[in-house]
Amino acid sequence: MNRLIIVGSPRIDGRSAHLADLLFESCIDECPDDELALAPVSTLAIEPCQGCDACKALAACAASGGASDGETAEEACRRCVIDDDMAEVYELIDAADELVVVSPVYFAGAPAQLKALLDRLQPYFWTDARHGRKRPATLHVVGEGGDPHGFEPLVGVVRSSLSCAGFALERVLDWVGRIDEDGEITAEAVEHALAPLPGQRASSDGGAPVPDDAAEEAASGSVPASASERNASSAAPSRPALRLSPEGGPVQGGGKAPANGGAHGKQRASGTGAQGPRKPRQGSGQQGNRPSPGSGKQGGKRGGGQGGRPKQGGNRRG
């Protein structure tokens, strides 16, 4: 199993960063053999999408096999013409079997830095990723509380953009008002019901929406198959969420580790953001510790080298 945690806060040491660290450590403890990457936008230099449609042309080039001898179509046709740390995020997204997004709420929506990352998923729109079977994703919503307008716009933009990249948002965990300014969890998260999409109906237990009769008809071939493909992942088992144990410490909800393992080691996307880079690392110890701001993460079994570093000034650092 390969997991990616995207941290959408521009603050390097805020509530979202602390929750992401706890989730990171919980994954290391529960699933030490799995791959795990942490990508905080606070340390990544990601430019906003320019709406230039170059990715559409590049995808068409790749599909037509526009590559010279010795290189693949993907190598010949980059996903985006903007040369920044998003190239590293694309690699992490492609490798992920499961995705977690931790984000604060800014006026009911996503922070500008996270929105830039999500908008840069546009190249996936021109691929087959949004049509195939979706990988699971979870959104952890963080905030001080007090906004009467909720956070449905945040859920909507995360759900839509991740769907294009081949993920289905299965769970939304509401941490608003449940993490103090020092990053300490004061109460368990509440599961936020996902609104059904077209072709879905709300589940009776308030969980992820389930396919309606039209989707079932699609499976039998009486309606276009794309409807069933769009909802293929809705019946997937929900993933455990970090919660409080009876003693007050964080535990992995359900206490059940995924059965399938992956390659060893953990890493953190580094980047060239103004807050200072975080070097990606891969396993050099059995258990991860909470890092100081700007440091990397370690965990997993011994072995494995240091992860790739992002570009700075157009050159690979090393």
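Let's start with the parts list: the protein has eight helices and 13 strands. Keep in mind that this is a predicted model. Of its 318 residues, 46% count as buried. On the outside, about 15000 Å² is exposed, with carbon and sulfur atoms supplying 49% of that area.

How does the chain come together? If you take the contacts with a separation of 6 or more, residues 24 or more positions apart account for 71% of them.

Now step inside. The largest nonpolar core has 37 residues, and the members that touch the most others are L4, L139 and L162. Helices and strands both feed into this core: β1, β2 (35-40), α4, β3, α5, β4 (135-142), α6 and β5 (167-174) each give two or more residues. There's also a second, separate core, this one with 19 residues, including L19, F24, I28 and L173.

L4 is a good place to zoom in. Setting aside neighbours within four places in sequence, L4 is in contact with A37, A39, L92, I93, A96, E98, L99 and V100.

Next, have a look at α5, which runs through residues 112-119. Which of its residues are buried? They are L114, A116, L117 and L118. As a reminder, an α-helix has 3.6 residues a turn, so residues three or four places apart point the same way. And what covers the buried residues of α5? The cover includes two strands, β1 (2-7) and β3 (98-104), along with two helices, α4 (86-95) and α6 (152-164). Those four elements turn up in the list of contributors to the largest core too, and so does α5 itself.

Definitions and conventions. Residues numbered from 1 in each chain as written. Predicted model: local features only at pLDDT ≥ 70, side-chain atom pairs only at ≥ 80, totals over all residues. Heavy atoms only, no water. Buried < 20%, exposed > 50% of the residue type's maximum accessible area, 1.4 Å probe, protein only. Contact = heavy atoms within 4.5 Å. Areas by Shrake-Rupley, 256 points an atom, 1.4 Å probe, with all protein chains shown as cover. Core = buried A, V, L, I, M, F, W, Y, C linked by side-chain atoms within 4.5 Å.
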